[in-house]
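These are my notebook entries on a single model. I looked up its internal cavities, one helix pair and some backbone details.

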Amino acid sequence: MRGFLASSIGVTCAAALALPLSLPAVAAPVAPAAPSANGARSASMTVAPDLPGSTQSLPLVPRTRDRTLGAAPEQGLTRDDVHRFSLVGVIWDDPDTALRGRVQVRTRATGTGKWSGWQDVDTHNEDHGADPGTAERDSGHVHGSTAPLWVGDSDGVDVRVRADTGTTRAVGNEAALPAGLHLELVDPGADPPPAGARAATDGAAAPLTEETVEASAANTDLVPLGATEVPALSRRATERELVALRFKAQPYIGPRPRIVTRRGWGADEKLREKGFVYTKKVKAAFVHHTATGNNYRCSQAPSVIRGIYRYHVRSSGWRDIGYNFLVDKCGTIYEGRAGGVAKAVLGAHTLGFNTNSMGIAVLGTFGSAKPSSAAVKAIARLTAWKLGLYGANPRGKTYLKSGGGNLYRKGKNVRLNVISGHRDGYATDCPGRQLYGKLGSARSTSARYQGR
C-alpha cells in the first residue's frame, strides 16, 4: 500500500515534501519545558504570555500524621491563592518509579467559592506513554505522572498523597513515595472563536502561525489549509477519495466520519515538538479512557482536550498529546497527535504497542460508569474508516511486536484483536470495565460500516 505524503512546512510556505510513510520520518526535536538541574520543577507558575493557557507546578510538602495509628506518611499542599485552573495531576521525577499509594484532591470553584468533596486521581498512568527505547521516551524530559483529572473552573486546591502502608521502608520510617512530587494545575485557556465569528471579525480566519500551518498541512490531502474540521463523507465519496489519494484499492472501508481538527479544538501548536513521527501502517486500534472523570459537558470537550494536551507535553514531558484520536460523550471525534488523521502517526498511548497502531481515547472514566452509545458508535465509525484505509478487518486478529511491557517481553509477536482495549496489551484497568465490555459491539458495528 502506498501511504500519504508526510508534510513539512517552512516559515512562509505550505509546500509538501515527498516523504513516503513506509519509512519513519523524524524531525529534529524541540525540547519541551525541562526540569531544573536537580530534577525538580520550579514552584512558580510556568506561563508563556504569548501562549493560551498555563501550567502551575507546585512542589508537595511532607505532612505529619499520627504514626501510632499505623497510617502511612503523606505529602500534600493547600493553596487558595492560585491562578484559575480546570485540570489537575501529580508528577514526579522518575518515570520508571510507580506511585504506590492514593492521590486525592478537592478544589474550590471559581465564582462560588464552594469546595468540592475529595476526588481520587488515577495513579496508574505508567501504562500510557512512548515505548521503551524510543527517542520520545529517552528524551530526558519524561516524568512519572498520574492521570489528569478534570475539575472545572477552580481557584483553590487541596491535595494529599498517601503511600500504601505496605510500602513504608523499614529504615527511617520513610514512606516509599516517589521523589520530586509536584502538583500540576492546568488552565486550558479560552476556546477559539467559531470559524464564522473569525470571518466576521477578521474578514478571514485567524492568522496561521508557522506551527499551525505545519499541523494543518498534514491534512491538506483531505481538507484546505486551516480547516477546523474534516467533514464526513458518504461511502461512495470515501471510496473515490481512496483512489484519488493513491491508496491501494480496498474492498472494505467505512464512510469517513466528521473529525474536529487540532485547529478546531484550539491546540496551541507551539507546545509540542516540531515535526511528526510515523510508522508503516495501522494494523490495530487500542481503545482507552482518559480517566479524567465524567463531569464535563460536551461543549467543554475542547477545553478538556487542551488540558490533557498541555498536561501530556508540559507536565509529563511527551512530544505531543499521546492519543491519535479522542471521542467525547456526544460522539464527536477529535484529531489527537499531529501528523494527519489518515496517516500512520506514531502515538504514545499503549506502552509497548504504539508501533503500527492507533490510540482512541474516550473522554471520561468508565470503571463503573457506562460509556454513551454515541461514544461507542463514534469508535465504530472511526475504526471502520481508518482501519479500512489500511485493509484491516475490525472483527479480525492481527500480530503486533511488543516494545516491552508488563504482559509481553520486548520482541514477542502478540496476537491481538484488531480493535483491542488498552488492557489487552498491558496489565491495566484502562479503558475501564464498562467501556471494555462494549468493544464487541464496536467491532461488529465497525465491520458493518465497512460492508462486511
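Entry 1, largest cavity. I sorted the lining of the largest cavity by class and obtained 3 nonpolar, 5 polar and 4 charged residues. The model is a predicted one. I then listed the lining by name: Thr212, Ala215, Ser216, Asn219, Val223, Gly226, Ala227, Thr261, Arg262, Arg263, Glu269 and Glu335. Helix H2 (210-217) and helix H4 (262-265) are the elements that give two or more residues to this lining. Of the elements, H2 gives the most, with 3 residues. For the volume of the largest cavity I noted about 90 Å³. I also looked up how many cavities of 30 Å³ or more the structure holds, and the count is 3.

Entry 2, second largest cavity. I recorded about 60 Å³ of space here. Its lining consists of Pro52, Pro188, Gly266, Asp268, Leu271, Arg306, Tyr309 and Arg310. By class, I entered 4 nonpolar, 1 polar and 3 charged residues for the lining of the second largest cavity.

Entry 3, a helix pair. I noted the general convention that two packed helices are described by the angle between their axes and the distance between the axes. For helix H6 (residues 373-389) and helix H8 (residues 439-449), I found a packing angle of about 45 degrees and axes 8 Å apart. An angle of 35 degrees or more that stays short of 65 falls outside the parallel and perpendicular classes, and H6 and H8 are therefore oblique to each other. I entered their crossing as right-handed. On the H6 side, the contact is made by Val376, Lys377, Ile379, Ala380, Arg381, Thr383 and Ala384. On the H8 side, I listed Ala442, Thr445, Ser446 and Tyr449. Sorted by class, the contact of H6 with H8 has 6 nonpolar, 3 polar and 2 charged residues.

Entry 4, backbone details. Which two residues does a cis peptide bond join? I found cysteine 430 and proline 431, with omega about 15 degrees. I placed proline 431 in the loop between strand S19 (419-421) and helix H7 (433-436). I next looked up alanine 291, where phi is near 60 degrees, a positive value in a residue other than glycine. Alanine 291 lies in the loop between strand S13 (284-289) and helix H5 (301-315).

Technical notes:
Residues numbered from 1 in each chain as written. Predicted model: local features only at pLDDT ≥ 70, side-chain atom pairs only at ≥ 80, totals over all residues. Heavy atoms only, no water. Axes fitted to C-alpha atoms, helices over the stretch in contact; angles between N-to-C directions. Helix = DSSP H or I, 4+ residues; strand = E, 2+ residues; numbered from the N terminus. Parallel < 35°, antiparallel > 145°, perpendicular 65-115°, else oblique. Left-handed = near helix turned anticlockwise from the far one by under 90°. Contact = heavy atoms within 4.5 Å. Nonpolar A, V, L, I, M, F, W, Y, C, P; charged D, E, K, R; others polar. 1 Å grid on protein atoms, 1.4 Å probe; cavity = no way out; pocket = protein on both sides within 12 Å on 5 of 7 lines; lining within 4 Å. Points joined across faces, edges and corners; volume = space filled by probe spheres on them.
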